[in-house]
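Good morning, and thank you for making time for this short presentation. I should like to take the group through one structure, beginning with its overall architecture and ending with a few individual residues.

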Amino acid sequence: MNTCAWIVFLDESGVSLLPEIRRTYSPRGRTPLLRHRLNWKRASMAGALGYHSTDRGRGARLCFHLKPGSYDTAGLIEVLEQMKVFYRGERVVLVRDSLSAHWSRAMRAWVTEQDWLTLE
């Protein structure tokens, strides 16, 4: 199959929003007090790096999506909807990892409705 398409690598990652505190300053003789709420909130980011398969002059494209909490199938479908706008009118071959949300029934049903997207 000879297809002119973007090859896009998608991955997600989570980060803790808890501050990393290693050392602080205080005047001599006074103990420093460090306070924060310890909510352990998390944020997640999905990044997609794309290369065009036949036209190297187009350069690479990077898009990313941020959200509080973690990604599930609905969150990843939202990312792919935004990626559809980013690659408007272009064919995309998406290389994904083994996250269970990538392989869920809802994701497979959504992908079958998309004519611009091929999954690998």
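**From fold to single residues**

The protein has 120 residues, and 31% of them count as buried. Please keep in mind throughout that this is a predicted model. The accessible surface comes to about 8900 Å², and carbon and sulfur atoms account for 53% of that area.

Let me turn to the fold. The secondary structure consists of 2 helices and 5 strands. Followed along the sequence, these elements give the pattern β-β-β-α-β-α-β. If we consider contacts between residues at least 6 apart in sequence, 70% of them join residues at least 24 apart.

I move now to the interior. In soluble globular proteins, nonpolar side chains tend to be buried together. Here, the largest nonpolar core has 21 residues, and the members that touch the most other members are Val8, Leu80, Met83 and Leu117. Which elements give two or more residues to this core? They are strand S1 (6-16), strand S2 (42-52), helix H1 (73-86), strand S4 (92-95) and helix H2 (105-112). Helix H1 gives the most, with 5 residues.

Met83 deserves a moment of its own. With its neighbours within four places in sequence left aside, Met83 is in contact with Val8, Ala48, Cys63, Leu94 and Trp116. Val8, one of these partners, is also among the core members that touch the most others.

Next, helix H2. Which of its residues are buried? They are Met107, Trp110 and Val111. Viewed down the axis of H2, the buried residues fall within an arc of 100 degrees, and therefore they line one face of the helix. What covers these buried residues includes helix H1 and strand S5 (117-119). On the face turned away from the buried side, H2 carries the exposed residues Arg105 and Thr112.

From the interior I go to the surface. A nonpolar patch is formed there by Ile7, Phe9, Met45, Leu49, Tyr51, Leu62, Phe64 and Leu66, which together have about 780 Å² of accessible area. Strands S1 and S2, together with strand S3 (61-68), each supply at least two residues of the patch. Phe64, a member of this patch, has its place in strand S3. Is Phe64 buried or exposed? Its relative accessibility is 53%, so Phe64 counts as exposed, the cut-off for that class being over 50%.

The next topic is charge pairing. Side chains of opposite charge can pair when their charged atoms come close. How many salt bridges does a search of the whole structure find? The search finds 1. In it, the side chains of Arg58 and Glu90 meet, at 2.6 Å from N to O. Arg58 lies in the loop between S2 and S3, while Glu90 lies in the loop between H1 and S4, so the pair ties together parts that are 32 residues apart in sequence. Arg58 counts as partly exposed because its relative accessibility is 35%.

I shall close with three residues that lie in loops, starting with Ser26. Ser26 is placed in the loop between S1 and S2. With a relative accessible area of 23%, Ser26 is partly exposed. Beyond its neighbours within four places in sequence, Ser26 is in contact with Thr31 and Pro32.

The second is Leu99, located in the loop between S4 and H2. Leu99 is partly exposed, at 31% relative accessibility. Its C-alpha atom is separated by 9.3 Å from that of Asp72, although the two residues are 27 residues apart along the chain. Leaving aside neighbours within four places in sequence, Leu99 is in contact with Glu12 and Leu76.

The third is Trp103, which is also found in the loop between S4 and H2. Trp103 has a relative accessible area of 41% and is partly exposed. Thr73 is 30 residues away from Trp103 along the chain, and their C-alpha atoms are separated by 8.7 Å. Which residues does Trp103 contact, once its neighbours within four places in sequence are left aside? They are Arg96, Asp97, Ser98 and Arg108.

That concludes my presentation, and I thank you for your attention.

Definitions and conventions
Residues are numbered from 1 along each chain as its sequence is written. This is a predicted model: local features need pLDDT of at least 70, side-chain atom pairs count only at pLDDT 80 or more; totals for chains, interfaces and linings use all residues. Side-chain values use heavy atoms; hydrogens and water are left out. A nonpolar core is a set of buried Ala, Val, Leu, Ile, Met, Phe, Trp, Tyr and Cys residues joined through side-chain atoms within 4.5 Å. Buried means under 20% relative accessible area, exposed over 50%, partly exposed in between (1.4 Å probe, protein chains only). Helices (H or I, at least four residues) and strands (E, at least two) are DSSP runs, numbered from the N terminus. Contact means heavy atoms within 4.5 Å. Patches are made of residues with over 30% relative accessible area and no salt bridge: like charges are joined within 9 Å, nonpolar side chains (Val, Leu, Ile, Met, Phe, Trp, Tyr) within 5 Å. Accessible areas come from the Shrake-Rupley method with a 1.4 Å probe; for residues, only the protein chains shown count as cover. A salt bridge is a side-chain nitrogen of Lys or Arg within 4 Å of a carboxyl oxygen of Asp or Glu. The arc is that of the directions from the helix axis to the C-beta atoms.
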